[in-house]
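Student: I've just opened this one and don't know my way around yet. Could you walk me through it?
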Amino acid sequence: MSDPNRPPDWNALSESADFRDLARTKVRFLVPACIFFIIYYFALLVLVGWFPDLMKKPLLGKVNGAYLFALSQFFMAWALAFIYVRVAAGWDKKADAVIKDHHLR
């Protein structure tokens, strides 16, 4: 049993199956989330550039589709940040367990 106050051996830890599983879990969330964010962000530019008549159409009084879509990006970013914080809290718990398990070896 090793000293729990000693820093972990990061090289050995990075080769463990639990660490690799944690890394894969993070990638499975982060890559699709980033792709979604980029597509959603650039969709406004594409829609305004290629479909200007659609985006100029008033939807709520004088507020057109482009303004509503731009406003939706704030809500989407906040929602994605909220989801990320919740998911990352689970990663932190799993990372603590991986480090603790590594110390017990």
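Tutor: Let us begin at one residue and work outwards, keeping in mind that this is a predicted model: Leu45 lies in helix H2.

Student: Okay, and is Leu45 buried or exposed?

Tutor: Leu45 is exposed, since its relative accessible area is 51% and the cut-off for that word is over 50%.

Student: Which residues form a nonpolar patch with Leu45?

Tutor: Leu45 shares a nonpolar surface patch with Phe37, Ile38, Tyr41 and Phe42, and together the five have about 490 Å² of accessible area.

Student: Let's switch to helix H4. What about Ala88, buried or exposed?

Tutor: Ala88, which lies in helix H4, counts as buried because its relative accessibility is 12%, and buried means under 20%.

Student: And how far is Ala88 from Arg6?

Tutor: Their C-alpha atoms are separated by 25 Å, while along the chain Ala88 and Arg6 are 82 residues apart.

Student: New topic: how many salt bridges are there?

Tutor: The count comes to one salt bridge, and it is formed by Lys94 with Asp21, whose closest N and O atoms are 2.5 Å apart. The pair links distant parts of the chain, given that Lys94 sits in helix H4 (residues 65-104) and Asp21 in helix H2 (residues 17-50), with their positions 73 residues apart in the sequence.

Student: Why would those two pair up at all?

Tutor: In general, side chains of opposite charge can pair when their charged atoms come close.

Student: Are Lys94 and Asp21 buried, exposed or in between?

Tutor: Lys94 is partly exposed, because its relative accessible area is 29%, and Asp21 also counts as partly exposed, at 29% relative accessibility.

Student: I see a lot of rings too. How many aromatic pairs does the structure hold?

Tutor: The structure holds nine aromatic pairs. One of them joins Phe29 and Trp91, whose ring centres are 5.7 Å apart and whose planes meet at 70°, so this pair is edge-to-face. Phe29 belongs to helix H2 and Trp91 to helix H4, which means that the pair ties together parts 62 residues apart in sequence.

Student: What about Trp91 itself, buried or exposed?

Tutor: Trp91 is buried, with a relative accessible area of 8%.

Student: Where does Tyr40 come in, and what does it pair with?

Tutor: Tyr40 forms an aromatic pair with Phe69 that is stacked, with 5.0 Å from centre to centre and 20° between the planes. This pair, too, links distant parts of the chain, as Tyr40 is in helix H2 and Phe69 is in helix H4, 29 residues apart. Phe69 counts as buried, at 18% relative accessibility.

Student: Which residues make up the aromatic cluster around Phe29?

Tutor: Phe29, Tyr84 and Trp91 form one aromatic cluster.

Student: Zooming out, what is the secondary structure overall?

Tutor: The protein chain has four helices and two strands, and read along the sequence they follow the pattern α-α-α-β-β-α.

Student: And how does the chain's radius of gyration compare with a compact globule?

Tutor: The protein chain has a radius of gyration of 22 Å, whereas a compact globule of 105 residues would have one near 13 Å. Along its principal axes, the C-alpha trace spans about 70 × 20 × 15 Å, and 19% of the 105 residues count as buried.

Student: Last one: which element has the lowest mean pLDDT?

Tutor: That is helix H1 (residues 10-14), with a mean pLDDT of 82, while H2 has the highest at 96. The protein chain averages 91, and 92% of the residues score at least 70.

Methods:
Residues numbered from 1 in each chain as written. Predicted model: local features only at pLDDT ≥ 70, side-chain atom pairs only at ≥ 80, totals over all residues. Heavy atoms only, no water. Salt bridge = Lys/Arg side-chain N within 4 Å of Asp/Glu carboxyl O. Buried < 20%, exposed > 50% of the residue type's maximum accessible area, 1.4 Å probe, protein only. Patch = residues over 30% accessible without salt bridge, like charges linked within 9 Å, V, L, I, M, F, W, Y side chains within 5 Å. Areas by Shrake-Rupley, 256 points an atom, 1.4 Å probe, with all protein chains shown as cover. Phe/Tyr/Trp six-rings, centres within 6.5 Å; stacked < 30°, edge-to-face > 60°. pLDDT = per-residue confidence, 0-100. Rg over C-alpha atoms; globule rule 2.2 N^0.38 Å.
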